[in-house]
Amino acid sequence: MAKLYFKYGAMGSSKSAQALITQFNYEELGMTVWLIKPSVDDRDGADIVKSRVGLERRSEVIFPTDDIRERYEAAGSFDVVIADEAQFFTPEQIDGLRDMVDELNLPVLCFGLRTDFLTHMFPGSQRLMELADSITEIKTVCECGSKATVNARIGPDGRIVTAGEQVFLGGNDSYVAMCHRCWRRKIKEQESALRRGRKE
């Protein structure tokens, strides 16, 4: 029986690479894959899924106004759906993916972030956490050696950003995966340095 999978991890945990490797494995078995990504993620090209290790493939681009079931049916018939950057899909689109699993017996594998730079869940990720049959963490580590869970946003001045819009596209120059302890400690150090600077 088909399932809805959510495989999540912090920035730099090889989510896109695993999505593309999974696609390759299915295709090697002679199965067809509908690879999709949300339109907001256009860092490497609107229709390109690309990993930090250099793997890349073309994908179908899903816009926030799209009915995902209708887009699937218009694209043709596939054996499996793989979705990259799934946190950016709308909750309604996640519901559509759930329906495709239930009604079409179609496996759907979603890869993405769980939380943003302030540790708040993305709407798409929250819906996946609510609906997925299988939830797996793709682990990565903080520079201290602990498990990284926070996607720390780094500003042009090298400081951790603590306010702003939830969606801000960037790579290694804009985000660093950290454990929660290091993230909090570095923010406190920034705040202390700022207070000292004001007094001087």
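Two residues are in contact here when heavy atoms lie within 4.5 Å. With that in hand, let us walk through this predicted model, in which local features need pLDDT of at least 70, side-chain atom pairs count only at pLDDT 80 or more, and totals for chains, interfaces and linings use all residues. Residues are numbered from 1 along each chain as its sequence is written, and side-chain values use heavy atoms, with hydrogens and water left out.

**Asp-84 and Glu-85**

Start at Asp-84, which sits in the loop between strand 6 (80-83) and helix 3. Helices (H or I, at least four residues) and strands (E, at least two) are DSSP runs, numbered from the N terminus. Setting aside neighbours within four places in sequence, Asp-84 touches Lys-15, Ser-16, Ala-19, Ile-36, Lys-37, Pro-38, Val-49, Phe-89 and Phe-111. Lys-50 is 34 residues from Asp-84 in sequence, and their C-alpha atoms are 9.7 Å apart in space.

Is Asp-84 buried or exposed? Asp-84 counts as buried because its relative accessibility is 3%; buried means under 20% relative accessible area, exposed over 50%, and partly exposed in between (1.4 Å probe, protein chains only).

Glu-85 is found in the loop between strand 6 and helix 3. With neighbours within four places in sequence left out, Glu-85 is in contact with Ser-16, Pro-38, Asp-41, Arg-43, Phe-111 and Gly-112. Its backbone deserves a look: Glu-85 has a positive phi of about 50° although it is not a glycine. Thr-119, another residue other than glycine, has a positive phi near 70°. You can find Thr-119 in the loop between strand 7 (108-112) and helix 4.

**What the UniProt record adds**

An unreviewed UniProt entry gives the annotation "active site" to Glu-85. UniProt (unreviewed entry) also places the feature "binding site" at Asp-84, Glu-85, Ala-86 and Gln-87. From this set, Gln-87 belongs to the lining of the second largest pocket. UniProt (unreviewed entry) places the feature "binding site" at Val-167, Phe-168, Leu-169, Gly-170 and Tyr-175 as well. From that set, Val-167 is part of the lining of the second largest pocket. A pocket is an open set of points on a 1 Å grid over the protein atoms alone, with protein on both sides within 12 Å along at least five of seven lines, and lining residues have an atom within 4 Å of a point. A word of care about the record: UniProt positions are given in the numbering used here, feature names are shortened, and annotations may be inferred rather than shown by experiment.

**Accessibility at a glance**

Here are some residues with their places in the model.

| Residue | Place | Relative accessible area | Class |
|---|---|---|---|
| Val-80 | strand 6 | 0% | buried |
| Tyr-175 | strand 10 (residues 175-178) | 9% | buried |
| Met-11 | loop between strand 1 (4-8) and helix 1 (15-28) | 18% | buried |
| Thr-119 | loop between strand 7 (108-112) and helix 4 | 32% | partly exposed |

Which residues does Val-80 touch, leaving aside its neighbours within four places in sequence? Val-80 is in contact with Tyr-26, Thr-32, Val-33, Trp-34, Leu-106, Pro-107 and Leu-109. Val-80 and Val-108 are 28 residues apart along the chain, and their C-alpha atoms are separated by 6.1 Å. For Met-11 and Phe-89, 78 residues apart along the chain, the C-alpha separation is 17 Å.

**Where two helices cross**

Finally, look at helix 3 (residues 91-104) and helix 4 (residues 123-131), whose axes come within 8 Å and cross at roughly 35°. The contact involves Pro-91, Ile-94, Asp-95 and Arg-98 of helix 3, together with Pro-123, Gly-124, Arg-127, Leu-128 and Leu-131 of helix 4. These contact residues divide into five nonpolar, one polar and three charged. Ala, Val, Leu, Ile, Met, Phe, Trp, Tyr, Cys and Pro count as nonpolar, Asp, Glu, Lys and Arg as charged, and the others, Gly among them, as polar. Axes are lines fitted to C-alpha atoms, for helices over the stretch in contact, and angles run from 0 to 180 degrees between N-to-C directions.

Helix 3 passes helix 4 in a right-handed crossing, a term used if the near helix is turned clockwise from the far one by less than a right angle.

Note on methods
1 Å grid on protein atoms, 1.4 Å probe; cavity = no way out; pocket = protein on both sides within 12 Å on 5 of 7 lines; lining within 4 Å.
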